[in-house]
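This report is meant for a reader who is meeting this structure for the first time. It follows the charged side chains, beginning with how they pair and ending with a group of like charges on the surface.

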Amino acid sequence: MDSIDKLLAELQSEYKEVQPKQQQSKSTTAKSFIPSSPKPASFMDNLLAEIKADFAEEDAAIELKKQQELEQERICQEKLKAKQLEALKVQAKEWLAKVDPLSSEGLWFERFAESYSSKLEAAIEYLRNNE
């Protein structure tokens with residue numbers, strides 16, 4: 001038993017000697033893993049700035065795409081209006097050829113056309129409003 005007590009005492013003393021050294025090395029190790037305050041703040045600031053720049057770039061790309069889509073839609077609308085106007089011109093020419101200038105409609109149209117630069121323009125407007 002005495003030898004066990006001696007052995008236990010030796011282990012206990014060694015443990016007491018090693019324990020403070022381990023705590024010092026742990027605190028030193030812990031300190032080395034904890035970066036200083038200014039460094040992480042600037043790193044985080046840089047990271048946040050980079051993320052903000054990425055989002056701003058993505059937003060700008062989305063906005064540009066929307067603008068291009070709106071421009072394409074406007075062009076399509078203009079082409080559609082031009083086609084409709086051409087169709088109305090054809091109808092107006094046919095209508096002008098058929099209308100009897102001495103009929104009530106023909107006489108009314110003569111008065112109506114006075115405020116337009118041409119009879120064709122007046123006929124287009126007349127047909128547009130009567131569709």
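## Salt bridges overall

In this predicted model, the structure holds 5 salt bridges. Three of the pairs are described below, together with a network of salt bridges and a negative surface patch.

## A pair and a network in helix α2

The side chains of E71 and R74 meet in a salt bridge, with a distance of 2.3 Å from N to O. Both residues belong to helix α2, which covers residues 38–98, and because they lie 3 residues apart in that helix, about one helical turn separates E71 from R74.

Neither partner falls in the buried class, since buried means under 20% relative accessible area: E71 has a relative accessible area of 35% and is partly exposed, while R74 is partly exposed with a value of 39%. The pair also has a wider setting, for E71, R74 and E78 are linked in a network of salt bridges.

## The pair E110 and K119

Another salt bridge is formed where the side chains of E110 and K119 meet, at 2.7 Å from N to O. The relative accessibility of E110 is 32%, so that E110 counts as partly exposed, and K119, with a relative accessible area of 42%, is partly exposed.

## A pair in helix α4

In helix α4, which covers residues 119–129, E125 and R128 are 3 residues apart and are therefore separated by about one helical turn. The side chains of E125 and R128 meet in a salt bridge with a distance of 3.6 Å from N to O, which can be set against the cut-off for a salt bridge, namely a side-chain nitrogen of Lys or Arg within 4 Å of a carboxyl oxygen of Asp or Glu.

As for accessibility, E125 is partly exposed, with a relative accessible area of 23%, and R128 counts as partly exposed at 40% relative accessibility.

## A negative surface patch

Which residues form a negative surface patch? The patch is formed by E50, D54, E57, E58, D59 and E63. One of these residues, D54, is found in helix α2, and D54 has a relative accessible area of 45%, which makes D54 partly exposed. That value fits the requirement for patch residues, because they must have over 30% relative accessible area and no salt bridge.

Conventions:
Residues numbered from 1 in each chain as written. Predicted model: local features only at pLDDT ≥ 70, side-chain atom pairs only at ≥ 80, totals over all residues. Heavy atoms only, no water. Helix = DSSP H or I, 4+ residues; strand = E, 2+ residues; numbered from the N terminus. Buried < 20%, exposed > 50% of the residue type's maximum accessible area, 1.4 Å probe, protein only. Patch = residues over 30% accessible without salt bridge, like charges linked within 9 Å, V, L, I, M, F, W, Y side chains within 5 Å. Areas by Shrake-Rupley, 256 points an atom, 1.4 Å probe, with all protein chains shown as cover. Lys, Arg positive; Asp, Glu negative; His and termini not counted. Charge placed at Lys NZ, Arg CZ, Asp CG, Glu CD.
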